[in-house]
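Reader: Hey, I've just opened this one and I'm a bit lost. Where should I start?
Author: Have a look first, then pick a spot and ask away.

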Amino acid sequence: MSRLGELLVRENLISITQLQKALEAQRKSGGRLGQNLTKLGIISEAELTNFLAKQYGVPSINLSEFEIAPEVIALVPPELAKRHQLIPVNRTGQTLIVVMADPSNIYAIDDLKFRTGLNIEVVVASEQAIEEAIQRYYDKPAGIIDQSLEGLVDEIDYETGGEEEVSSGIDITKQASEAPVVKLCNAILLNAIKKNASDIHIEPYEKSYRVRYRIDGMLYEEQPPLPLRLKNAITSRFKIMSNLDISERRLPQDGRIKLRIGKDKEMDFRVSVLPTLFGEKIVLRLLDKSNLQLDMTKLGFDPEPLEAFKESINKPYGMVLVTGPTGSGKTTTLYSALSELNKTTRNISTAEDPVEYNLVGINQVQVNDAVGLNFAAALRAFLRQDPNIIMVGEIRDFETAEIAVKAALTGHLVLSTLHTNDAPSTVSRLLNMGIEPFLVTASVNLILAQRLARKICQDCKQPAEKNVAQLIKMGMKPEVAESIVQYRGVGCRTCNGTGYKGRIALYEVMPFYESLKELVLQGASAAEIKAEAIRNGLQTLRMSGLKKIAEGITTPEEVMRVTVGD
C-alpha cells in the first residue's frame with residue numbers, strides 16, 4: 001500500500017527514510033505497510049487512524065470498545081473479512097457499517113455489497129485493531145460458554161418436583177447427565193441472564209441446531225450453532241430440569257425450572273417443549289422478579305394518561321382492560337396496578353396462565369385446563385371468596401367475558417387483558433364475543449393499549465441526521481419536527497452493537513367517556529369510536545411514540561416497527 005506511504009510523507013508525518021525502512025521490513029516479514037510503520041514505532045496506531053479518518057472524511061472508531069453481535073459477524077464470511085482486512089460492526093436497516101483500514105478500497109466495498117446485498121458505510125480503524133478483531137470474532141470459536149461464564153456453570157443448581165427414570169429413555173438420561181451436556185445447558189441459561197434476554201429458543205433443523213435469545217423484543221442467533229449430535233441429550237436435560245416426561249416426544253409439554261446461581265441469586269424459567277419436524281423445540285421464558293418494574297412512572301406513562309389509569313383502577317367497581325400482542329408488557333402493567341392496589345383492607349384474587357411472579361398479599365391461582373380449572377371456573381370461585389379486586393389473566397371466550405362483566409357490575413373491580421390492535425377495537429372484540437352493547441358500556445371503566453419500543457443506548461447515544469419529512473409523514477406537527485433533536489445509538493459494547501438498550505412502553509389510554517358509550521349503543525364502528533376518542537383527547541400509540549422520539553428516548557424506525565399510522 002505505497003499510496004499510504006506517499007500520503008504520510010506528503011503530510012510530513014513520516015520521512016522518506018522512515019518510509020523506506022518500513023518498506024524494507026514489509027519485504028522481509030510481509031504484512032501491510034501500516035502494520036510495519038506502527039511495529040517499528042515510526043507512527044502510533046492512534047495517529048495513523050486519525051490521519052486516515054481525516055484523509056478520507058470518515059469517522060474512526062476504537063474496536064476494543066465494541067462488542068459486535070454474532071448476527072452482524074455472520075453477514076460477512078471469514079475469507080472475505082481476511083482478504084480485504086475489514087470487519088462488520090453494526091447493521092441499521094439495509095445499511096452495513098464496516099471497519100476498514102483503507103476506506104479507498106472500492107473493490108472491497110463493491111465485493112461486500114455484492115455478497116451481502118446491503119449498502120455499505122465505512123468507518124476506519126488501524127490495521128492492527130482490525131486484525132485483532134478478525135482473530136477474536138472469526139478465528140476463535142465464539143461458543144456459548146465464554147470465559148465470563150466458566151466459573152459459574154458448575155455453581156448452578158435447580159429445583160424440580162423430583163426425577164423419575166423412564167425405562168425407554170435410560171440411555172438418553174445417562175447422556176443428559178454427562179458433564180459436557182450439563183455444562184452446556186447451564187451455560188445456555190446463564191448466557192441468557194448475562195445478556196438480559198427475555199426468552200431462549202432452542203431449535204432443531206435437519207442439518208443444524210441453533211440457539212436464539214430474545215433481547216429487547218428482537219431475536220438474535222448465537223454463534224456457532226449447538227452440536228446436532230447432542231440434540232436429544234440437550235432436550236432430555238432441559239426436560240429433567242423442568243420435571244417433564246422425557247419419554248414423551250409427540251405431545252407439547254410445559255414445565256418450570258427454578259435456578260439457584262451461586263449463593264444469592266434465584267431465577268425462574270418457564271419451559272415449553274413443542275414437537276417439530278426435526279425434533280423438539282424448547283422455548284424458555286426468563287422470569288426475574290428482581291427486574292420486575294412495578295413503578296408506573298418508570299414504565300413509560302405520560303402524566304395525563306397515568307392519572308386517567310390510576311383514577312380507573314381506584315374506582316370501587318367496573319372493568320379495566322389492557323390490550324396488546326404477546327410480549328407487549330401487559331402482565332407488567334397489570335402487576336404494577338395490583339401492587340398499587342395491594343392493601344390489607346382489600347381482598348385481591350388473580351387467575352393466571354401461568355403465574356409469572358409471586359406477589360405477597362395477593363391470592364394467585366394457576367389455571368389448569370386439564371382438571372377443568374379454566375379462567376371461567378376460577379372467576380366463579382372468586383365470586384364466592386368475598387373479593388374486592390379480581391384479575392383475570394386473559395378474556396379468551398364468551399363465558400369468561402360474561403362472568404367478568406357481571407362481576408364488574410356487581411361491585412367488583414375487574415382487571416384483565418385482551419389481544420387487540422388498539423383500545424377502540426377492544427369494544428368491537430367484546431361485542432363479537434357476544435357481550436351486549438349495554439353491558440359493555442355499563443361495565444368498562446377504561447381500555448389501555450400498549451407496545452414496547454426499544455430505547456436508544458445511553459452509552460453510545462449521539463445526535464443523528466434528522467428526517468423532517470419522515471417525522472411529518474408519521475404524524476408529527478411540522479413545527480415540532482423542525483425543532484427537535486433526533487438521536488440514535490451508534491453501537492457499543494453495552495448494547496452489543498445494536499444501538500438499543502432496554503425498552504419503554506407506549507400507551508394508548510382510553511377512558512370510557514359518555515360520548516363513547518353513546519356511540520357503542522348506536523352500533524358505531526371501531527373507526528368512529530377512535531375518531532371520537534381522539535376528539536376527547538386520546539393519545540394514540542403512534543402519538544405516544546412520537547412524543548418519545550421528541551424526548552430523545554427512541555427512534556422513528558422503532559416507533560414505526562411497533563405502531564401503525566392513525
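**Rings, strands and helices**

Reader: Let me start with Phe301. Buried or exposed?
Author: Phe301 is buried, with a relative accessible area of 7%. Keep in mind that this is a predicted model.

Reader: Okay. How many aromatic pairs are there?
Author: There are three aromatic pairs in the structure. One of them joins Phe301 and Tyr507, which are stacked with 3.8 Å centre to centre and 5° between the planes.

Reader: And what does that pair tie together?
Author: Phe301 is in the loop between helix H13 (296-299) and helix H14 (303-313), while Tyr507 belongs to strand S19 (residues 500-511), so the pair ties together parts that are 206 residues apart in sequence. Tyr507 is buried too, at a relative accessible area of 3%.

Reader: Which residues pair edge-to-face?
Author: Tyr335 and Tyr357 do, at 5.9 Å centre to centre with 75° between the planes. Tyr335 is in helix H15 (residues 330-341), and Tyr357 is in the loop between strand S12 (348-352) and strand S13 (363-366), so this pair, like a link, spans distant parts of the chain, 22 residues apart.

Reader: Those two tyrosines, Tyr335 and Tyr357: buried or exposed?
Author: Tyr335 is buried, at 0% relative accessibility. Tyr357 is buried as well, with a relative accessible area of 13%.

Reader: Back to Phe301 for a sec. Which cluster is it part of?
Author: Ring pairs link Phe301 with Phe309 and Tyr507 into a cluster.

Reader: Cool. Where does the charged end of Arg454 sit?
Author: Over the ring of Tyr500, 4.1 Å from the ring's centre. There's also Lys461, which lies over the face of Tyr487 at 4.8 Å from the ring centre.

Reader: New topic: strands. What does S16 pair with?
Author: Its partners include strand S11 (residues 318-323), in the parallel sense over five bridges. S16 also pairs with S19, in the antiparallel sense over 10 bridges.

Reader: Which residues face each other there?
Author: Val322 stands opposite Leu448 in S16, and Ala449 stands opposite Glu508 in S19.

Reader: How many of the 13 residues of S16 are buried?
Author: 12 of the 13, so S16 is largely enclosed by the rest of the structure.

Reader: What about helix H24, how many of its 10 residues are buried?
Author: In H24 (residues 541-550) seven of the 10 are buried, so the rest of the structure largely encloses this helix. Among them are Leu541, Leu546 and Ile549, along with the charged-type names Arg542 and Lys548.

Reader: What covers the buried residues of H24?
Author: The cover includes strand S16 (444-456), helix H20 (468-474), S19 and helix H25 (556-562). Just after H24, Gly552 takes a positive phi of about 75°.

Reader: One more helix: which residues of H22 are buried?
Author: In H22 (residues 514-521), Leu516, Lys517, Leu519 and Val520 are buried. Seen down the axis of H22, these buried residues fall within an arc of 160°, so they line one face of the helix.

Reader: Why would residues that aren't neighbours point the same way?
Author: Because an α-helix has 3.6 residues a turn, residues three or four places apart point the same way.

Reader: And what covers that face of H22?
Author: Covering the buried residues of H22 are parts that include helix H18 (423-433), helix H19 (437-443), S19 and helix H23 (526-535). Just after H22 comes Gly523, with a positive phi of about 80°.

Notes:
Residues numbered from 1 in each chain as written. Predicted model: local features only at pLDDT ≥ 70, side-chain atom pairs only at ≥ 80, totals over all residues. Heavy atoms only, no water. Phe/Tyr/Trp six-rings, centres within 6.5 Å; stacked < 30°, edge-to-face > 60°. Helix = DSSP H or I, 4+ residues; strand = E, 2+ residues; numbered from the N terminus. Buried < 20%, exposed > 50% of the residue type's maximum accessible area, 1.4 Å probe, protein only. Lys NZ or Arg CZ within 6 Å of the ring centre and 35° of its normal. Contact = heavy atoms within 4.5 Å. Pairing = 2+ DSSP bridges. Arc of directions from axis to C-beta.
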